[in-house]
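Please read the following explanation alongside the sequence and the coordinates, and follow each named residue in the viewer as the text reaches it.

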Amino acid sequence: MQINGYARPTTPLLAKEKNVVSLPDIESEYWFTHESVPYIMTRADHNTKDRAYTERSFIDIFKRAGYHTSWISNQESVPTFIYFMKEADKLTYVNGGKSLYIYDSWLDDDVLPPLDSALTNGKSNSRNLIVIHSIGSHWWYNAHYPKSAARWKPELTSRVITENSRQQFINSYDNTVLYSDSFWHQVRERLRHRNAIVIYLSDHGENLGEDGQYTHANDTKEVRNAACWIWCSDKYKSRYPKKYAALERNAKKKYNTAFLFHSIIDAGDISTPYIDKKYDVFK
């Protein structure tokens, strides 16, 4: 990501934002979505991984605190986390039955109409928690950005990994990040004049030829490094200056992806004994 010092301008819109903090040293506990998502949704941590399969998620806590909760999914649902998706008051699928084994165009812009619906909710003053499970930069990369966003070429030409050059992998992957930057900008635009905060967290990283490794089939330091940034509106920053100041202080610290459960509850200004301060980036 450009905001973390990458030479290419892959996040130009995010780089222009104020009130955004990147957390570049987030370690993912897992390198597959089906394991990582339950882990980050629950109170699980490195020493208590079983909580991912025995406890409810932070969605349930938000519901009990009076929030209307929505899950907008642009990925496949799998048995390890479908339960948490169904905790939400409203669950919306936008992927049209696509799977990672089908290589048609599969874009995150499809999330925007249901996001608009979730933000209105029929209640002008309701408090909302919205989980967006984006497709992001998953393989096959070329399917996850429009041709108009193909800034770097040559792109991947074959789904057989060995038939592409490393540069083709990097180019197509960087194009997905550039497109994601545009998508998340549109999300922020919808929240700019609200009391709102966006926490972006990848469930794992990706290998792009380091030591001959590609995608995320192996446990490597690149795959363990999950991208993360947090943006808040002017209203949110003004209302919670201590939280934002703490976020800035903690930005360069190393966190496990277990931080999300504890931090998002605090971001929602919810008091509960389930928050562990050592994982809370807002403390």
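In which helix is Arg188 found? Arg188 is found in helix α7, and since the model is predicted, this placement, like everything that follows, describes a computed set of coordinates. Although arginine counts among the charged residues, Arg188 is buried here, because its relative accessibility is 1% and the limit for that class is under 20%. Leaving aside residues up to four places away in sequence, Arg188 touches Leu13, Leu14, Glu17, Trp229 and Trp231. Of these contacts, Leu13 and Leu14 fall within the stretch assigned to helix α1, residues 12-15, while Trp229 and Trp231 fall within the stretch assigned to β10, residues 228-232.

Helix α7, which spans residues 166-191, also takes part in covering another helix, α6. Helix α6 runs over residues 112-120, and its buried residues are Leu112, Pro114, Leu115, Ala118 and Leu119. These residues lie on the same side of α6, because the arc that they cover around the axis is only 160 degrees. What covers them includes, besides α7, the strands β3 (68-73), β4 (90-93) and β5 (128-133). Just after α6 comes Asn121, which takes a positive phi of about 65 degrees.

That value leads to the backbone geometry elsewhere in the chain, for which a general expectation is useful. Most residues other than glycine have a negative phi, and most peptide bonds are trans. Against this background, Asn19 has a positive phi, near 60 degrees, and its place is in the loop between α1 (12-15) and β1 (20-22). Asn19 is nevertheless a buried residue, because its relative accessible area is 8%. Thr215 likewise has a positive phi, in this case near 55 degrees, but Thr215 lies in a strand, β8, which consists of residues 214-215. With a relative accessibility of 13%, Thr215 too counts as buried.

Two peptide bonds deserve a look in the same spirit. The bond from Trp139 to Trp140 is cis, with omega near 0 degrees, and Trp140 is placed in the loop between β5 and α7. A cis peptide bond also joins Lys153 and Pro154, where omega is about 5 degrees, and Pro154, too, has its place in the loop between β5 and α7. This loop therefore leads from one of the strands that cover the buried residues of α6 to the helix α7, which is also part of that cover.

The next topic is the interior space of the model. How many cavities of 30 Å³ or more does a search of the whole structure find? The search finds one, and the volume of the largest cavity is about 40 Å³. The residues that line the largest cavity are Ile197, Ile230, Cys232, Tyr236, Tyr240, Lys243, Tyr244, Leu247 and Phe282. Two elements, β10 (228-232) and α10 (241-250), give two or more residues each to this lining, and α10 gives the most, with three residues. By class, the lining has eight nonpolar residues, no polar residues and one charged residue.

Among the lining residues, Ile197 can be followed further. Ile197 lies in strand β6, residues 197-201, and counts as partly exposed, because its relative accessibility is 24%, a value between the limits of 20% and 50%. With residues up to four places away in sequence left out, Ile197 touches Ile230, Trp231, Cys232, Tyr236, Ala267 and Phe282. The C-alpha atoms of Ile197 and Lys235, which are 38 residues apart along the chain, are separated by 9.6 Å.

Cys232, which lines the cavity and touches Ile197, brings up a last question. How many disulfides does a search of the whole structure find? The search finds zero. Cys228 is in no disulfide, and the nearest cysteine sulfur, that of Cys232, is 13 Å away, whereas a disulfide would require the two sulfur atoms to be within 2.5 Å. Cys232 is likewise in no disulfide, its nearest cysteine sulfur being that of Cys228. Both cysteines are shielded: Cys228 is buried, with a relative accessible area of 0%, and Cys232 counts as buried at 2% relative accessibility.

Key. Residues numbered from 1 in each chain as written. Predicted model: local features only at pLDDT ≥ 70, side-chain atom pairs only at ≥ 80, totals over all residues. Heavy atoms only, no water. Buried < 20%, exposed > 50% of the residue type's maximum accessible area, 1.4 Å probe, protein only. Helix = DSSP H or I, 4+ residues; strand = E, 2+ residues; numbered from the N terminus. Arc of directions from axis to C-beta. Contact = heavy atoms within 4.5 Å. 1 Å grid on protein atoms, 1.4 Å probe; cavity = no way out; pocket = protein on both sides within 12 Å on 5 of 7 lines; lining within 4 Å. Points joined across faces, edges and corners; volume = space filled by probe spheres on them.
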